[in-house]
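Hi,

Here is the model I said I'd pass on. Have a look, and then read on for my notes.

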2 protein chains.
Amino acid sequence: MDREGNLVERIARAFRSGGPKKHAKDGAALHLGIGDDAAIISPGKNDWVLSCDAFLEGVHFLAKTHPPDSVGYKSLVRATSDLAAMGARPRYFLLTLAIPANRTGAWLDEFLNGMARAARCLKIVLAGGDTTKGSVVSTSITVVGEIGSGHAVTRSGARPGDLIYVSGTLGRAQLGLELLLHRKIKASGLRSGRARRSDRALQDLLRPHLYPQIQLALGTWLAKRRMASAMMDISDGLSTDLARLGSASGVGARILAELVPRVAIPAELSKLAGGLKLDPLQMALHGGEDYELLFTVSPRNVKSLRTAPGFSQLKAIGEVTGGQSIVLIGPRGTQGTLEPQGWDPFRHQQ
Amino acid sequence: MDREGNLVERIARAFRSGGPKKHAKDGAALHLGIGDDAAIISPGKNDWVLSCDAFLEGVHFLAKTHPPDSVGYKSLVRATSDLAAMGARPRYFLLTLAIPANRTGAWLDEFLNGMARAARCLKIVLAGGDTTKGSVVSTSITVVGEIGSGHAVTRSGARPGDLIYVSGTLGRAQLGLELLLHRKIKASGLRSGRARRSDRALQDLLRPHLYPQIQLALGTWLAKRRMASAMMDISDGLSTDLARLGSASGVGARILAELVPRVAIPAELSKLAGGLKLDPLQMALHGGEDYELLFTVSPRNVKSLRTAPGFSQLKAIGEVTGGQSIVLIGPRGTQGTLEPQGWDPFRHQQ
């Protein structure tokens with residue numbers, strides 16, 4: 001067998017345990033998965049939701065910093081978050097993987113383990129892909145989800161007067177990234193006399209960055225009940241993504257800084273992180289990769305949110321306006337435009 | 001607007017003229033294309049065929065050698081060839097594009113022009129994608145095709161006694177690549193006194209490598225009539241791809257070298273290409289990227305092939321056997337195993 005063929009075999013094996021599951025009535029069925037020219041799927045009556053997402057070494061992750069199983073896990077979770085953002089149920093994915101020859105051994109095994117774990121959690125099945133050599137590791141993942149016809153929630157339905165919600169604390173992934181990149185913390189956190197306790201605490205803080213959770217249950221719940229007028233996931237930071245939602249809907253927004261749920265920096269971390277500037281509000285406004293949902297709700301639907309999955313974590317942070325700009329109201333009533341300052345691959349330099 | 005948003009706008013504009021077309025009865029309909037979290041498609045009664053394909057600078061093309069519009073054109077054609085190989089009609093595609101910031105100007109425009117031209121030829125509509133910065137240009141394209149339920153032709157249906165066909169001359173893309181990489185030819189072909197004539201002749205020889213054609217009409221014809229027992233496209237070379245088809249079907253094959261359609265090297269080229277070793281049979285057996293179809297036909301169906309699109313180009317090159325190996329019968333009856341020596345990204349070094 002040729003070497004590329006071998007690689008395809010290994011990938012197929014890594015995901016075999018997750019094989020096609022029974023599917024809901026009206027759901028699609030996978031007839032042919034990896035190994036042929038293409039996958040074949042018989043659709044049911046539902047709408048299909050398709051999205052793709054790239055995850056590149058040197059841009060989205062660093063080879064020496066990020067564990068391979070996190071790279072595998074996160075690349076699939078990130079892509080699937082776009083399905084949550086439409087309210088769709090994940091069904092299938094296709095994986096394009098470019099990888100240097102010297103990482104097709106243990107590195108690849110750990111990467112595939114991480115991705116297979118994510119696939120099990122998300123109940124999404126590998127349906128096909130393409131592998132090739134690359135100078136660095138890069139993945140592009142296409143996800144296919146299903147949703148009742150006409151139920152998908154776009155970015156463009158927000159109306160003035162709607163309340164703006166986020167599904168949980170923002171800035172946690174940014175905090176995790178800062179910690180991971182901060183050598184002093186890594187060294188002291190992992191090697192100090194109180195290694196076990198601080199190690200666990202540190203791992204907890206790193207997790208949102210390395211192994212993010214996404215809001216699938218909430219997304220499908222909101223879509224099924226037509227509860228959200230517009231929805232997206234916060235992948236590039238609230239300031240950037242809210243501007244996109246506003247632009248797509250042709251509306252503006254007023255956000256109250258006080259209401260934006262942000263991380264509390266643990267006291268012991270403040271000591272360790274002596275050199276780090278950690279501003280919880282700034283991380284919440286501009287930090288990327290939280291994958292929380294950002295959605296708008298008509299005032300008449302607000303009461304019904306009480307039975308939503310994870311209701312206690314939902315926070316109203318402001319309201320949709322008829323203007324064009326995103327206005328941030330500060331703690332003392334100060335008012336300013338919230339400029340998009342989240343992640344933009346063409347602005348940031350590594 | 002953020003810079004990534006700008007890029008998405010430009011991509012959307014490049015493909016706008018091709019916008020969603022009226023679709024056949026029972027066909028799928030695109031409700032929402034680029035710009036939101038994901039594309040939404042209402043499926044019809046047909047089966048769906050999905051595949052993805054990576055195209056990387058330094059692995060599949062060279063920045064200084066390949067014109068950007070060829071990179072755009074070929075990356076989409078390559079991906080769509082997997083749909084032809086199943087007999088499916090192309091419908092939608094998603095584009096992941098990683099690109100260095102310094103190529104987001106004229107280079108990107110030409111790239112998008114080439115890709116938009118391919119999309120018009122193939123009648124395939126851009127439904128979504130992802131853009132990011134990368135150290136080199138890389139694309140991953142996911143294609144979605146439709147086919148009558150149960151009609152897709154896999155690699156696994158070949159049976160002993162079936163005849164093995166290829167849809168046209170093999171080795172043309174390899175010849176084009178050799179010429180493109182051979183500086184002497186480039187210089188003399190483009191600058192000699194007889195520039196116009198030799199230039200045109202050279203362009204004709206380069207075209208199969210730079211702007212490949214794929215066999216969509218033949219593929220759908222064969223699938224619709226259940227005329228092929230197994231089918232795939234020859235992307236990595238006959239020797240490699242026939243081994244894959246044999247392995248998927250659990251069969252072997254006997255190929256007659258005399259019957260393999262190969263390029264005739266023009267006399268004037270032989271002079272120019274003094275330093276080049278150009279063996280038409282070797283290029284036909286192992287050269288990649290021809291995107292001709294390789295398919296097997298039960299003897300009882302052979303007569304019916306006469307009305308196939310491009311029938312005059314179809315060539316029977318051997319037969320399926322009950323063995324496991326691929327045997328090549330040479331011009332004087334010599335017999336040997338045809339080892340897979342086509343393109344394998346993990347063997348070849350640039």
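Below is what turned up, mostly about how the chains meet.

First, some housekeeping: this is a predicted model, where local features need pLDDT of at least 70 and side-chain atom pairs count only at pLDDT 80 or more, while totals for chains, interfaces and linings use all residues. Residues are numbered from 1 along each chain as its sequence is written, with chains lettered from A and ligands numbered from 1 in the order in which they are written.

On to the interface. Chain A puts 58 residues in contact with 58 residues of chain B (contact means C-beta atoms, placed from the backbone, within 7 Å). On chain A's side, strand 3 (residues 47–56) gives the most, with nine residues; strands here are DSSP E runs of at least two residues, numbered from the N terminus.

Strand 3 of chain A also runs antiparallel to strand 2 (residues 39–42) of chain B, joined by three bridges (strands pair if DSSP finds at least two bridges between them). Val49(A) has Ile40(B) as its bridge partner there.

As for symmetry, a turn of 180° and a shift of 0.0 Å along the axis lay chain A on chain B with an RMSD of 0.0 Å (least squares on C-alpha atoms of residues with pLDDT of at least 70 in both). That is the relation of a two-fold axis. Both copies use the same surface, with 100% of chain A's contact residues recurring in chain B.

Finally, Val49(B) has contacts in both chains, among them Ala38(A), Ile40(A), Leu83(B) and Ile147(B), leaving aside neighbours within four places in sequence.

Cheers

How values were computed
Two residues are in contact if their C-beta atoms, placed from the backbone, lie within 7 Å. Helices (H or I, at least four residues) and strands (E, at least two) are DSSP runs, numbered from the N terminus.
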